Amino acid sequence: MKTECIGDFVKLKGKTYPCTVSLTMDLVGGKWKAVILYHLKDSEKRYSELRKEMPDVTEMTLSLQLKQLEKDGLVLRKAYGEKPPLKVIYNLTDFGKSFIPVLEAITEWGNQIVSEQGEFLTKD
């Protein structure tokens, strides 16, 4: 029997899922969560650095996704200073770092697809 099928459901932090794939996709699914994690995998970043590296994401979406990743324990937000403008740094928690091998596999698979079926473009 597969591990994810041992029970009828799985539960994490009070939330119930039909399987471990559903749990994983809730944590990192969507258009931007994995991209954010990818940009944080090698070093901590300020919000403005993430915006520069991800120019297609809106400020609201980036902010909401960072809050969700923080709530789920994948990203740590450190704020320095007492009055705005605060210096805010984001980095991966140990839990977030445990997702790095998956990010690298996703990146490799995406590169393979583009190499075989698409093309890599550069900005004009």
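K15 is partly exposed, its relative accessible area being 42%, and in this predicted model the side chain of K15 meets that of D26 in a salt bridge, with a distance of 3.1 Å from N to O. Because K15 belongs to strand β2 (residues 15-17) whereas D26 belongs to helix α1 (residues 20-28), the pair ties together parts that are eleven residues apart in sequence. The partner residue, D26, is likewise partly exposed, with a relative accessible area of 27%.

The salt bridge between K15 and D26 is one of four that the structure holds. Another joins the side chains of E53 and K45, where the distance from N to O is 3.2 Å. For this pair the two accessibilities fall into separate classes: E53, at 35% relative accessibility, counts as partly exposed, while K45, at 11%, counts as buried, since the limit for a buried residue is under 20%. A further salt bridge is formed by D42 with K41, and here the closest N and O atoms are 3.6 Å apart. D42 is exposed, with a relative accessible area of 66%, because a value over 50% places a residue in that class. The pairing of D42 with K41 does not stand alone, as K41, D42 and E104 are linked in a network of salt bridges.

With regard to the overall architecture, the chain contains six helices and five strands, and these elements follow one another along the sequence in the pattern β-β-α-α-β-α-α-β-β-α-α. Taken along the principal axes, the box filled by the C-alpha atoms of the chain is roughly 50 × 45 × 25 Å. Of the 124 residues in the chain, 27% are buried, and the chain exposes about 9100 Å², of which carbon and sulfur atoms supply 55%. When contacts between residues at least 6 apart in sequence are considered, 41% of them join residues that are at least 24 apart. The charged side chains comprise 19 positive and 18 negative ones, and the centres of these two sets lie 8 Å apart.

Two buried positions illustrate how residues distant in sequence meet within the chain. L37, which lies in helix α2 (residues 33-40), is buried with a relative accessible area of 0%. If residues up to four places away in sequence are not counted, L37 touches V28, L69, L74, V75, L92, F99 and L103. The separation between L37 and E53 is 16 residues in sequence, and their C-alpha atoms are 12 Å apart in space. The second position, N91, is found in strand β5 (residues 87-92) and is also buried, with a relative accessible area of 15%. Leaving aside neighbours within four places in sequence, N91 is in contact with E44, L74, V75, L76 and K78. L74 and V75 thus appear among the contacts of L37 and also among those of N91.

As to the confidence of the prediction, the chain averages a pLDDT of 92, and 95% of the residues score at least 70. Among the elements of the chain, the lowest mean pLDDT, 89, belongs to strand β1 (residues 10-12), whereas the highest, 98, belongs to helix α5 (residues 94-97).

Notes
Residues numbered from 1 in each chain as written. Predicted model: local features only at pLDDT ≥ 70, side-chain atom pairs only at ≥ 80, totals over all residues. Heavy atoms only, no water. Helix = DSSP H or I, 4+ residues; strand = E, 2+ residues; numbered from the N terminus. Buried < 20%, exposed > 50% of the residue type's maximum accessible area, 1.4 Å probe, protein only. Contact = heavy atoms within 4.5 Å. Areas by Shrake-Rupley, 256 points an atom, 1.4 Å probe, with all protein chains shown as cover. Lys, Arg positive; Asp, Glu negative; His and termini not counted. Charge placed at Lys NZ, Arg CZ, Asp CG, Glu CD. pLDDT = per-residue confidence, 0-100.
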